[in-house]
Amino acid sequence: MTGRAHATIDLAAEGATISRHLYGHFAEHLGRCVYGGFWVGEDAAIPNVRGIRLDVVDALRALDVPNMRWPGGCFADEYHWRDGIGPRADRPTMVNTNWGDVIEDNAFGTHEFMDLCDLLGADAYVNGNVGSGTVQEMSEWVEYLTRAGDSPMSRLRRQNGRDEPWRVPFWGLGNEAWGCGGNMTPEYYTSLARRFATFAKNHGDNTLQRIAAGGSDDDVRWTRVLMESAMGGGAPFPVPSPFQSISFHYYTHSGSGIGTEPATGFSPEQYFRTLAAAADVERIISAHEEVMDAYDPERVIGLVCDEWGTWWHVEPDTNPGFLFQQNTMRDALVAGIHFDVFHRHAARLRMANIAQTLNVLQAMILTDDDGGLVLTPTYHVYEMNKGHQDAASLAATVVDAPSWEGADGKGSTTLPLLSLSASAKNGAALLSLSHLSADDDLEVRIDLHGRSASVTRARVLTADSATAHNTPERPDAVAPAPLAAQISDGVLEVRLPPHAFATVELALA
Ligand code: AHR
């Protein structure tokens, strides 16, 4: 069967800039994200640059990775940075209590992470330890990384082979303080965040965006307490806030809880419930925004979603603590839906980091220890969507589309089967469309207003089923292909197959 959908886009109504940092990444010391993912060591047979996997760097460069968050996650609140500097043979070990209870040998530390960022051309987002670290420890880490000239920490950095300071624009003040980061109350954490932020100084011309750890999902209590503190109780704020952004985390599953359902062998019901849960991120962001707007209508404080993505049951015969999962066409649609929402909320949402870049949860790339890698369907969404980075969001509205009616785990819901967003930059526009039907084609008509346009390229990502995924044997089971798209009399027409993500690039006159 074929469904029909109608949408409009105003190519002249440019809204907020979509920060490139909405396309941010996350490297945690968890499972095979760092070890066996980014890091193989200088002596490995796998081609590497100073120990960092070259094939991974090459693949990620094609995504224009804007920032990388590190070292966690939960791991950040038990990480002590001094363990990860100096000669590797002398570095102490620790137990990674959060993730598999394995021994961490600290081979990948501060210098290796900053090297990775340099290789990727990505900004560093370093997540400090508030849960089990000290203020002095965090303060000295900032000094070690960013201070030029002569100082105790810059001298130590030089002894370890790095003369110039690095640029570090983003600094996390702990992680999930309500849980693995210390089981704190929002009030207690807010005081701590103020204190830690105060001593995470700007050195020279390095200006930190300090990110306070907020709540999960729609737990806006954390946002409220942090905003109250940041903005002086709603009055014109007496001193600049010691932190500049507030984070929240949102993981997608189909209603039974994180980590409980299969990544690949899912039912049609689970497919739709998952996509409805992904679309629910709009309600969640709006809830945080509503609280923030009440204290800060000028949007001085940013909202950051520094962990998001699908969380399925681990693959059979893998360590349950390593969170290794496959990634299907369904995951690609989850990403497409999130980005449409992120683009619509770009005025307040300043950064987002998918969990996680390699081998963990909704990864871009799955590596194997023999030197092979697989690009996931989610990778292709990042590549097809990269033109939205730093573009102006455009008003894009789905006027009419088929929908799915069902229950999403929180109650009954209606899920439109078309999700859409658009942006403009440098005389070009990029449209993203996610078609969610499991079975039907969709004829889409989009009225283009404001400027005349011609199609320069259109691509579609789909496969013969929503459970399709890439493997070493079939690395291109889900890969982008050309899509027919034409404009006549200001109407763009495309026909989308089932469970498909598509992008249309336009030249604007
Ligand atoms: O991404 C995996 C974990 O999920 C992170 O370490 C933690 O912050 C969250 O609970």
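So, the ligand: it sits in the largest pocket. By pocket I mean an open set of points on a 1 Å grid over the protein atoms alone, with protein on both sides within 12 Å along at least five of seven lines; "sits in" means more than half of the ligand's atoms lie within 2 Å of the pocket's grid points. Keep in mind this is a predicted model, where local features need pLDDT of at least 70, side-chain atom pairs count only at pLDDT 80 or more, and totals for chains, interfaces and linings use all residues. Residues are numbered from 1 along each chain as its sequence is written, and side-chain values use heavy atoms, with hydrogens and water left out.

Around the ligand we've got 14 residues, meaning a heavy atom within 4 Å. Glu28, Cys74, Glu176, Tyr251 and Glu307 are the closest.

Now the polar contacts, N or O pairs within 3.5 Å. Ligand oxygen atoms pair with a side-chain N or O of Glu307 at 2.7 Å, a side-chain N or O of Tyr251 at 2.8 Å, and a backbone N or O of Cys74 at 2.9 Å. Alone, the ligand exposes 280 Å², and the protein buries 94% of that (Shrake-Rupley, 1.4 Å probe).

Okay, domains, from an automatic or database assignment: domain 1 is 2–10 + 394–508, domain 2 is 11–16 + 27–393. Their contact, heavy atoms within 4.5 Å, takes 55 residues from domain 1 and 45 from domain 2.

Technical notes
A polar contact is a pair of N or O atoms within 3.5 Å; within protein, one must be able to donate a hydrogen and the other to accept it, and residues adjacent in sequence count only if both atoms are side-chain atoms. On a 1 Å grid over the protein atoms alone, a cavity is a set of points where a 1.4 Å probe fits but cannot get out, and a pocket is an open set with protein on both sides within 12 Å along at least five of seven lines; lining residues have an atom within 4 Å of a point.
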